[in-house]
Amino acid sequence: KKKRRMRIMGKAKAHAIMISVPHQGHINPFICLALKLASKGITVTFVHLESVHHKLLSKLGPQADPFSQARQSGLDIRYTTISDGLPLEFDRDLHLEEHWGAIMHDFPALVDDFVGEMMRSEPDFDYFLMTDTNYTWPPAVARKYNLVNVSFWTQTTMTFAILYHWHLLKQNGHFPCKGVDEMEEAIDYIPGVEPINAKDLMSYLKESGLVSIVTEAMSAALDAVKSADLILHNTMLELEPETLSALNQHQPNYAVGPLNFSKSLHSYTVSNSLRSEADCTDWLHSKPPNSVLYISFGSFVHTTKKVIEELAHGLLLSGVDFVWVIRPGMLSSDDTDVLPEGFGYMIEGKGLIVPWCNQMSVLSNPAVGGFLSHCGWNSTLESMWCGVPMICYPIAYDQTANRKLVIEKWKFGVNLCDGESLDRVEIAEKIKGFMNGAYSESLRQEASKLKVAMEKALEIDGSSDRTFDQFMEDLKAKME
Ligand code: UDX
């Protein structure tokens, strides 16, 4: 009744409660979405998990608040934290299964209390939920508190569509996966998705034997999204038109991205990176245009010492200059000696190894001519935006599926190799061809075309801009 009274008086202000999945690749687009919503006059409460906030503390100091500058610039973005149910000292990066177990089983009740408390303490708002599609609890919380439920999918629409039609994979015998023999089979029955081989599916769909908690969580989350009121995607229409149009037969989907590059948000400085960034600018300035290969496997996946060793030797043999992000803890073992002995001396001035950097600043440096990437969705978008071709080495999750799009659909990348059976000589040859050949020029041209298309989509009246306005209208209508 109160809500209705406030609306009649025209005073209830829309207020988004935003909760991202606690990984860098999800946090980055979520922060951009928060800024975008706030710039349209919506009040936002951005909720980081305490474990994420804890990482920010060591970077930003005791007053860590990623939005303080945006708030000073006039945006109504509040910032708070919530526990995921595990103690702070628990190593979530190393124990992913246990972490997702807590997110599945303990977190929902904590969010429920949190939302209830927030609505009680400040009742004069018209709240709605804006949460990551990977969560399972939003429908229950939305139902209980009578909230509009907006789901945000931060990866490719193709991967969303495949998961959305998980039942078809089951019906056709492609899930659970039976074994290597069926990996070459084409999956040609997902509406709006071009045929894709089973081997290119997301890693958690290819498990045989016991299904992991991540697969269980994804399956439950993709069931849950079917009751979302509105679904946002961090992509643009031009990249995946058929897939978006097929999905729109079921629910309203909005391609509003890539939000990361929205010009209207450039005046706000937000601290999104969870690690301190090494500055590569001076080193890059000493290198000729398009001569440096940038290498990073994102914020999250682990790899083996053997892979790093072959890559390291492959790079040396190629003779190509490189910047390589070697994250602390990026090995699947707890071995701390990641690189081959003496590698630091061997590379002399030819390579720069950093624990973390400002990836956008590196990719947009004219010296960088290629990106050896695990094909995380943010990295892929950033590479497109900077007009830098990719050489793909997917490791897990959605990355093999993304590689297919990069190479076959958008044609601005090539493949490095598959799995862990890498060979240093082959790597060296591939890298040399990728960086120096005439082929690299044609890849660069494709990447540049994508950059132009992205700029257009994000401009006023571009496809993503219009879609965002449509989303705002539909949201308003749902809230009435
Ligand atoms: C995860 C999944 O692994 C990925 O497959 C999925 O598409 C998104 O969620 P992540 O592995 O971290 O993400 O990869 P990605 O999506 O590429 O995101 C990494 C982000 O970290 C990028 O925005 C990149 O700019 C940033 N980054 C990476 C840095 O800022 N500095 C670095 O040194 C490395």
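Student: What share of the 480 residues in the protein is buried?

Tutor: Buried residues make up 44% of them. Keep in mind that this is a predicted model. A residue earns the label when 20 or more other C-beta atoms lie within 10 Å of its own.

Student: What makes helix H16 mostly covered?

Tutor: Count its residues: in H16, which spans 377–385, 9 of 9 are buried. Among them are Trp377, Glu382 and Trp385. Each of these is called buried because its C-beta atom has 20 or more others within 10 Å. Just after H16, Gly387 takes a positive phi of about 65°.

Student: Which residues are closest to the ligand?

Tutor: Those are Gly25, Gly298, Gln359, Gly376 and Ser379, out of 26 that surround the ligand. Helices H2 (24–39), H15 (359–363) and H16 each give two or more residues to this shell. Ser379 is also one of the buried residues of H16.

Student: How do you know that the shell draws on both domain 1 and domain 2?

Tutor: At least three shell residues come from each: domain 1 covers 2–272 + 459–479, and domain 2 covers 281–436. By class, the shell holds 8 nonpolar, 16 polar and 2 charged residues, with Gly counted as polar.

Student: Why is the protein called as compact as a globular protein of its length?

Tutor: Happy to show you! The protein has 20 helices and 15 strands. Its radius of gyration is 22 Å, and the globule rule gives 23 Å for 480 residues; the two values are close, so the description fits.

Conventions
Residues numbered from 1 in each chain as written. Predicted model: local features only at pLDDT ≥ 70, side-chain atom pairs only at ≥ 80, totals over all residues. Buried ≥ 20, exposed ≤ 12 C-beta atoms within 10 Å, placed from the backbone. Helix = DSSP H or I, 4+ residues; strand = E, 2+ residues; numbered from the N terminus. Near = placed C-beta within 6 Å. Domains from an automatic or database assignment. Rg over C-alpha atoms; globule rule 2.2 N^0.38 Å.
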